[in-house]
Amino acid sequence: MIPEASYDVVIVGAGPAGSTSALYAAKNGASVLLLDKKREIGSPIQCAGFLPDASEVQALLHEARLPDTLKNYPDSCVLQRIDTQRIVTPNCNIKEFAVKGAVLDRRRYDQFLAEQATIAGAELMIKTRVTKIEGTTVETSGVFGKYKIKAKAIIGADGPNSLVAKLKGLALKPESRETSVALEYQIRNVDIDPSSLEMYFGKDFVPGGYAWIFPEGQDRANIGIGIRSGVAENGVSAKEYLHRFMRNHPLAGPKLKNCIIMNVIAGIIPVNGAPERTATENTLIVGDAAGHIFATNGGGIPPAMIAGKVAGETAAEFAAGKCRLEEYDRRWRAQFGSALETSVQARKLMDGIMKSDTLMNAAFKFISPEQMKVMQCGKLPGPVKLGLQALNRGKK
């Protein structure tokens, strides 16, 4: 493919955020070029792939305007439908609540999103890396050659280590940056409930985070852990924690003892919210690049796609001379910014408590299943906040 010399919008990264941005920019009349450095969209997989049902997202984020591709997607993208979420405390008590959603085949889903963007008129170049950005000129190198491409607006959807964010002064300062390391296995031959997500807590297995078992079919699952290096034991790697969980956890261990590991997945999850600015006069950032992840559970697909819709619409308006690009920042925050900030506050309140299984057990004892559910999308009920603050004061 040979790109044009210029486009209204050039988007770097064809994950859910980037492809959604491309879809809505193209639908609103902009010429769009979507770039991705991977040789195949959606591969390698970089997350566990649970997507709550659109009705669940809308019920918790009332102001959000959901993209169509978050509401409707082919059954071929679904590995397993989910109806229950279980929380397993350090002392192995279980709390559960109803939740509608699906564990996705991320390769197929990401390709579906990119395809929808191209149907709307966006051009797609894979195996193409951005090497330099000067003003609004994007230099690329890849399987199709080297090019200098002019844009009216640039959208950085290029992940937690976003080059676009760094070059445009939009990245979080190092002292404000907080990340979690996720290590996951896709496994077979497991004895699990195929319709339930399970999340496990306990400092000996997942300090400062949680382990999960997400079913991908009758005897298939994605298992993994998300931990932060600052709260891990010295010298203990994420792999060692994951294997300890698989071998020794009283409830999970028996389910996983005969499992066969088919795929290894690793990634970085930003868990400290969005930077103060997510847009300049000619560039904006979205998805992981903008910290669009709920820090309470690491869920990033819904906020990335909601912000992607805003990004695409705003970029198209900007290219047509109808608004300033900085308007994007106000627009996405109006839809879920408060929930994102609250999720970071909740994560910080939980940080101190997670250093003690006794405190964690006490916290989970007074948090109801209904309250756990709303906390997944950045809500922090008043009684829960007061209880967590009291536990934090008590540990000092």
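**Exercise 1. Domain layout**

Determine which residue ranges the domain assignment gives to domain 1 and to domain 2 in this predicted model.

*Solution.* Begin with domain 1, which is built from three segments in the assignment: 6-76, 105-173 and 274-345. Then take domain 2, which is listed as 79-102 together with 177-270. Finally, place the two parts relative to each other: their C-alpha centres are 28 Å apart.

**Exercise 2. The interface between the domains**

Describe the contact between domain 1 and domain 2 by residues and by buried area.

*Solution.* First consider the residues, with contact taken as heavy atoms within 4.5 Å. Domain 1 contributes 23 residues, and these touch 21 residues of domain 2. Next consider the area: about 1,800 Å² is buried between the two domains. Carbon and sulfur atoms give 55% of that area.

**Exercise 3. The annotated region**

State which residues the UniProt annotation "domain: FAD-binding" covers, and give the helix and strand content over residues 7-178.

*Solution.* According to the unreviewed UniProt entry, the annotation covers residues 7-178. Over this range, helix accounts for 24% of the chain and strand for 37%. The C-alpha atoms at the two ends of the range are separated by 35 Å.

**Exercise 4. A helix pair**

Characterise the packing of helix α1 (residues 16-27) against helix α8 (residues 301-319).

*Solution.* Start with the geometry: the two axes come within 7 Å and cross at roughly 35°, and the crossing is right-handed. Then identify the residues. On α1 they include P16, A17 and Y24, and their partners on α8 include I301, M305 and A316. Last, sort the contact by class: nine residues are nonpolar, four are polar and two are charged.

Key
Residues are numbered from 1 along each chain as its sequence is written. This is a predicted model: local features need pLDDT of at least 70, side-chain atom pairs count only at pLDDT 80 or more; totals for chains, interfaces and linings use all residues. Side-chain values use heavy atoms; hydrogens and water are left out. Axes are lines fitted to C-alpha atoms, for helices over the stretch in contact, and angles run from 0 to 180 degrees between N-to-C directions. Helices (H or I, at least four residues) and strands (E, at least two) are DSSP runs, numbered from the N terminus. A crossing is left-handed if the near helix is turned anticlockwise from the far one by less than a right angle, and right-handed if clockwise. Ala, Val, Leu, Ile, Met, Phe, Trp, Tyr, Cys and Pro count as nonpolar, Asp, Glu, Lys and Arg as charged, and the others, Gly among them, as polar. UniProt positions are given in the numbering used here, feature names are shortened, and annotations may be inferred rather than shown by experiment. Domain bounds come from an automatic or database domain assignment. Buried area is the accessible area (1.4 Å probe) that two parts lose on being put together, summed over both.
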